[in-house]
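Student: I would like a close look at how charged side chains are placed in this model, taken slowly and with the surroundings included. Please begin with one residue and then follow the connections outwards.

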Amino acid sequence: MGEMKKQKIVVVGAGPVGALAALYAAGRGDDVEVYELRGDLRDPSTVPLNFTKSINLALSERGINSMKNANCPGLVEAVLEETIPMFGRMIHGAKQGELFEESQSYDVHGRYIRAVDRAGLNKRLLDELEKMPNVKFFFDHKLVGADFRKNRAWFERRSKTLDDHAQNPTKSDPVEAKASKSSSEVEVAFDFMIGADGAHSAVRYHLMKFARLNYQQEYIDTLWCEFHISPSPTKDFKLSPNHLHIWPGGEFMFIAIPSLDKSFTSTLFLPASRFAELDAQPERLVGFFNENFPGVAGDLISESDLRKQYDENPHLPLISIKCSPYHYKSSVVILGDAAHAMVPFYGQGMNAGLEDVRTLFEFLDRHRPKILQADPDALAVEVDAHTEGRMLALEEYTRLRTPDAAAINDLALRNYQEMRSDVTSPIYRLRKWVEEALNNYFPKSGFATQYSRISFGNERYSIVEKEVQRQGKWLLSGIVGVGLVPFVAWGGWWLWRWNRASHTGRGLTKWAAILGSKTEQIGRKFT
């Protein structure tokens with residue numbers, strides 16, 4: 001008979017995904033240790049890995065549902081109290097020199113996403129973890145090695161977090177600087193490791209040495225820079241607080257998300273070449289904003305502050321990562337950005353990561369040893385029973401979650417086109433109006449917008465992608481059948497008459513090319 005013991009779960013990464021994974025594991029009676037490269041993330045002096053201020057995130061149904069299933073009374077209520085509802089997008093622009101704004105609701109039924117402060121959410125989750133007697137924190141611990149066959153890991157323990165980035169330079173005091181670099185290595189045994197340590201994951205790096213892991217990484221040709229819109233002189237919001245604000249620019253955009261202190265966290269998304277142009281000619285910055293993002297420079301951010309923030313805040317890349325498998329035998333699994341980092345344009349990065357946790361533990365629960373299914377408080381379980389069940393759960397998790405992660409990864413990339421350009425397109429608005437009307441008046445038809453399926457439901461991402469493609473083809477064929485047939489018939493008659501008169505086919509070729517271009521444009525919006 002195998003050895004009888006409780007399981008020791010090591011979670012690497014104490015961000016929202018890692019913290020929620022630790023809550024799920026601890027709630028099942030396991031001993032949990034949480035290791036984090038940085039200092040305590042609740043400490044305001046802890047510098048984020050990307051060296052920016054805490055940014056706001058979009059919290060939607062998938063993330064909320066995953067926190068609900070952690071079975072921590074009061075957690076979800078406390079989190080939601082510190083969010084701001086966003087009912088739709090507010091599109092900004094100018095026509096004939098006059099500023100305008102146009103609201104586009106997210107959902108025909110009035111459902112909304114929520115703006116949440118990442119640091120505040122993280123603090124809530126870590127505070128909840130700290131209440132649990134079977135959880136231990138190890139901050140300032142960097143994973144430097146792992147053997148997933150022997151279930152051993154090695155962490156570099158630092159007495160202080162290293163401060164060696166241009167945005168956070170090493171302290172000038174030589175004694176203090178020396179102390180900040182002192183470290184030692186510790187060996188940690190575990191039964192199961194969960195890697196939730198971000199896009200540049202150390203767990204994934206070591207996993208590659210054991211699993212035949214396929215890996216794809218892409219930096220898109222867009223950088224981002226964060227800006228801050230302060231509250232008004234009367235300490236109120238300068239813009240509607242219940243919208244995500246967008247200044248679409250075709251190949252770039254500027255957005256603003258509300259914060260609880262009545263400020264807005266704003267972001268400029270711009271091709272790297274355009275950043276280089278502005279860097280080379282900084283005097284053009286204000287003019288560039290006035291031309292492309294009317295109403296920002298001077299009204300929302302003073303011109304001097306705009307220049308200062310552009311110069312001081314880093315211009316950071318956007319990475320997209322896909323990989324598979326997510327696990328090795330029964331020893332380790334990666335979640336969140338460690339498994340599928342995505343660009344931020346669907347607001348699903350964190351939500352997908354939190355949903356990873358819920359999905360993973362659904363499979364783990366399904367394959368738990370029978371004694372624990374009958375008595376969750378039972379302590380005496382054979383190690384082999386844990387191992388066999390967990391191996392089956394991880395295989396099933398990888399098999400089902402990989403296509404879902406790939407789908408939302410692709411959808412996030414495509415949604416950048418929608419946000420920076422399509423939101424002003426009549427074709428985009430037509431499809432949205434038709435889908436919402438069908439959903440509202442004929443709910444049994446199954447029609448719904450892609451956004452509502454993603455943000456207000458828990459249907460698998462890969463299924464949503466297929467359903468929306470099928471739906472788009474139906475809509476396109478219906479519009480072509482009902483709306484374009486008379487037009488094409490009239491156009492054919494007109495062309496026949498015109499070509500008879502001109503005795504040439506060049507006009508027909510030109511007309512066909514124009515019609516083909518418009519048809520292709522419509523097709524892209526509907527499929």
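Student: What is the relative accessible area of arginine 111, and is arginine 111 buried or partly exposed?

Tutor: The model is a predicted one, and every value here is computed from its atoms. Arginine 111 has a relative accessible area of 36%, which means that it counts as partly exposed. Its side chain meets that of aspartate 107 in a salt bridge, with N and O at 2.9 Å. Aspartate 107, in contrast to its partner, is buried, with a relative accessible area of 7%.

This pair is one part of a wider set, since a search of the whole structure finds 29 salt bridges. Among them is the one between glutamate 130 and arginine 42, whose side chains meet at 3.0 Å from N to O. Because glutamate 130 belongs to helix H4 and arginine 42 to the loop between strand S2 (31–35) and strand S3 (56–59), this salt bridge ties together parts that are 88 residues apart in sequence. Arginine 42 has a relative accessible area of 18%, so it is classed as buried, the limit being under 20%.

Helix H4, which spans residues 118–130, also holds asparagine 122. With a relative accessible area of 5%, asparagine 122 is buried, and once residues up to four places away in sequence are set aside, it touches Ala14, Gly15, Pro16, Ala19 and Leu41. Alanine 119 lies in H4 as well, but at 36% relative accessibility it is partly exposed. Its C-alpha atom is 8.9 Å from that of glycine 15, although the two residues are 104 places apart in sequence.

A further salt bridge joins glutamate 251 to arginine 274, where the closest N and O atoms are 2.5 Å apart. Glutamate 251 sits in the loop between strand S14 (243–248) and strand S15 (253–258), while arginine 274 sits in helix H7 (residues 272–280), so the pair ties together parts that are 23 residues apart in sequence. Glutamate 251 is partly exposed, at a relative accessible area of 38%.

The strands on either side of that loop deserve a look of their own. S14 and S15 run antiparallel and are joined by 4 bridges, one pairing being isoleucine 246 with isoleucine 255 in S15. Together the two strands form a hairpin with 4 residues between them, and glycine 250 in the turn has a positive phi of about 85 degrees. S14 also pairs with strand S5 (residues 88–95), here in the parallel sense and over 4 bridges, and arginine 89 stands opposite leucine 244 in S14. As for covering, 6 of the 6 residues of S14 are buried: His243, His245 and Trp247 on one side, and Leu244, Ile246 and Pro248 on the other.

Trp247 leads from the strand to the aromatic residues, where the count comes to 28 aromatic pairs. The ring centres of phenylalanine 227 and phenylalanine 289 are 5.8 Å apart and their planes stand at 65 degrees, so this pair is edge-to-face. It links phenylalanine 227 in strand S13 (residues 214–229) with phenylalanine 289 in helix H8 (residues 285–292), 62 residues apart, and both phenylalanine 227 and phenylalanine 289 are buried. The two also belong to one aromatic cluster with Trp247, Phe252, Phe254, Phe288 and Phe293.

Charged side chains meet rings as well as carboxylates. Lysine 95 lies over the face of phenylalanine 100, at 5.1 Å from the ring centre, and the charged end of arginine 420 sits over the ring of tyrosine 416, 4.7 Å from its centre.

The last stop is a network of salt bridges that links Arg62, Glu355, Asp356, Arg358, Glu362 and Arg401. Helix H11, covering residues 349–366, holds phenylalanine 363, and 14 of the 18 residues of H11 are buried. At 1.5 Å a residue those 18 residues should span 26 Å, which agrees with the 26 Å between the end C-alpha atoms. Returning to the charges, then, the starting pair of arginine 111 and aspartate 107 combines a partly exposed arginine with a buried aspartate.

Key
Residues are numbered from 1 along each chain as its sequence is written. This is a predicted model: local features need pLDDT of at least 70, side-chain atom pairs count only at pLDDT 80 or more; totals for chains, interfaces and linings use all residues. Side-chain values use heavy atoms; hydrogens and water are left out. Rings of Phe, Tyr and Trp (its six-membered ring) pair if their centres lie within 6.5 Å; planes under 30 degrees apart count as stacked, over 60 as edge-to-face and the rest as tilted. Buried means under 20% relative accessible area, exposed over 50%, partly exposed in between (1.4 Å probe, protein chains only). A charge sits over a ring if NZ of Lys or CZ of Arg is within 6 Å of the ring centre and within 35 degrees of the ring normal. The expected span of a helix is 1.5 Å times one less than its number of residues. Contact means heavy atoms within 4.5 Å. A salt bridge is a side-chain nitrogen of Lys or Arg within 4 Å of a carboxyl oxygen of Asp or Glu. Two strands pair if DSSP finds at least two bridges between them.
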